[in-house]
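User: Please examine closely the loops of this protein where the backbone takes up unusual geometry, and then place those loops in the context of the whole fold.

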Amino acid sequence: MEVPADTDRAYSDNLLLSQWEYEQRHVYLYSWPRCLGLVLGNACNIDCIHCYQAKTGDNLLRPPKIAEELRRELMAFYPHLSTLRIQGGEVFAIRGFRELIDDVAPLARRPILSISTNGTLIDEEWAERLVRTPFSSVTVSIDGGTRATYNRLRKGADLDQVLGNIDRVQSWKARLGSERPYLDSFFVVMRSNFREIPHYLELMQRHGMIGVALQTMQLSPENIARTPTLEADESIADRGEVEDLHAMLRDVLPRFRRVFHTVRVSGLQTLFETHGLSTAFLEEGEKSLYPDSEGLSEGAFALCPNPWTTLFLVENGDARLCFHSQPIGNLYAEPLAALWNSPQAIAQRSDMAAGRYHASGCSPQYCGWREGKSGPCRNGDAGGQEWRGPAGTEPCRQAELETRGVLALVRRLVSEERRERSELEVHKRSLESLLEGGRRHIDHLEAKAREIEAEFGKYRRPWLVRAAHKASQVLRTFR
Ligand code: SF4
């Protein structure tokens, strides 16, 4: 099928609008997400001890009748995306994955497909397809620098076999002269594997990875239920171990930043700050897990960009604005386009712009260090360019009337009014909740004052009262 010629225009217009809305701190967005993340299901062919997912068999692509309709809704997003990020479970083990990726080519000329995989099922046919499509990137999860550690943590997988599959993709890239897909790797940092990080980084370099990400382990009710000793066995909390990890990363990160295109970390800033250790070298504010945030900041993000760029749909239908934040609705309850500006989504952006990350539903483990930090609005300076689309800044109305027509002008004014109303509604709710909090605090202080008064009354000695009475009588006789 021929790709419609205007898809690139839709994409570049959306990028500009997204940039402008982020700069303006708008919380009701007319731009589409740049990154759509799909956690298709939790079915997997291996059994990692630290896997945070529930093994419920939930699958966004089942039953097929619903999947067909959902795929149609998803297709509306593709022309605007920089990345369609798909993961599981294990994507290659999930039925419906092939059909889903077939939908993309007719709607996006750019390579937008990106997957996260355990790498065990990349056979010759898939390796060729990943390169021929081409996929934009493939992230392989590898949590060890040695075969013994990797095979123990990722039960059912074998490090040598996975490295062989990575090499298979690299050979197809060489054979077809393609630089895509870019290959990178994801490492979950645990007690039993962190000392292997230097070796892991060397291994990834040898196998042609262009980037790595290190993230602390997530404890969930599911992985704790499966392995009750997981926290004690694998969570890094002991002061000595935290210091060892800190010293090692201070040594290796700067070195490997010269080797890899990207070295991202997540969760380490909170861990080190808790122990009073330095964190600037991590560059977590600049290089954490912010998919498709290009053009939004020149350094550390004063405001986390994810809720302005990303929509994640997970296997039970929950929608999130970031992998690590609370749901903002569910796709079985509302259409996808409505979820992007659901009341919870607007409130989440609004809280974050005010620095209230905890209240917004962000993860204390991964982003606790952001709490209380609010970035200033850069008022219209969107990289030197200004959005002039249907919901844009205030262009000359007369000129717009002449070039675009009355209907377009009316629609723009109505859409602006709708945005303003939604944003005012959120500000009103936020002020009401502040007022309510203030009232509760005053009630609390008044109750406290009454308690103190009552307590003080108990200690007023009767003799003191009598003495005061006597003194007043004596004073009266002198008058
Ligand atoms: S949890 Fe919140 S602050 Fe952290 S990356 Fe996600 S959206 Fe950003």
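Analyst: Pro-134 is found in the loop that runs between α4 (124–132) and β5 (137–141). In this predicted model, the peptide bond joining Thr-133 to Pro-134 is cis, with omega at about -20°. A cis peptide bond also leads from Arg-180 to Pro-181, here with omega near 0°. Pro-181 sits in the loop between α6 (159–176) and β7 (182–189).

Two loop residues call for attention on account of phi. Arg-25, although not a glycine, has a positive phi of about 60°. The loop that holds Arg-25 lies between α1 and β1 (35–39). Arg-25 has 20 C-beta neighbours inside 10 Å and therefore counts as buried. Glu-283 is likewise not a glycine, and its phi is positive at about 55°. Glu-283 belongs to the loop between α11 (268–274) and α12 (284–287). Because Glu-283 has 18 C-beta neighbours inside 10 Å, it counts as partly exposed.

These loops belong to a protein with 20 helices and 12 strands. Of its 479 residues, 36% are buried. Where contacts join residues at least 6 apart in sequence, 68% of them link residues at least 24 apart.

The largest nonpolar core comprises 95 residues, and Leu-40, Leu-81, Val-169 and Leu-313 have the most contacts inside it. Helix α1 (residues 7–23) makes the greatest contribution to this core, with six residues. Leaving aside residues up to four places away in sequence, Leu-313 touches Gly-37, Leu-38, Val-39, Leu-60, Ala-319 and Leu-331.

Backbone irregularity is also present within a helix. Helix α10 (residues 239–257) carries a kink of about 30°, centred on Leu-249. Its 19 residues nevertheless reach 26 Å from the first C-alpha to the last, close to the 27 Å expected at 1.5 Å a residue.

The ligand shell completes the picture. Around the ligand stand Cys-304, Asn-306, Pro-307, Cys-322, His-324, Ser-325, Tyr-357, Cys-362, Ser-363, Tyr-366, Cys-367 and Arg-370. The elements that supply two or more residues to this shell are α13 (306–309) and α17 (364–367). By character, the shell divides into seven nonpolar residues, four polar residues and one charged residue.

How values were computed:
Residues are numbered from 1 along each chain as its sequence is written. This is a predicted model: local features need pLDDT of at least 70, side-chain atom pairs count only at pLDDT 80 or more; totals for chains, interfaces and linings use all residues. A residue is near a molecule or strand if its C-beta atom, placed from the backbone, lies within 6 Å of it. Helices (H or I, at least four residues) and strands (E, at least two) are DSSP runs, numbered from the N terminus. Ala, Val, Leu, Ile, Met, Phe, Trp, Tyr, Cys and Pro count as nonpolar, Asp, Glu, Lys and Arg as charged, and the others, Gly among them, as polar. A nonpolar core is a set of buried Ala, Val, Leu, Ile, Met, Phe, Trp, Tyr and Cys residues joined through C-beta atoms within 7 Å. A residue is buried if 20 or more other C-beta atoms lie within 10 Å of its own, exposed if 12 or fewer, and partly exposed in between; C-beta atoms are placed from the backbone. Two residues are in contact if their C-beta atoms, placed from the backbone, lie within 7 Å. The expected span of a helix is 1.5 Å times one less than its number of residues. The bend at a residue is the angle between axes fitted to the seven residues ending there and the seven starting there.
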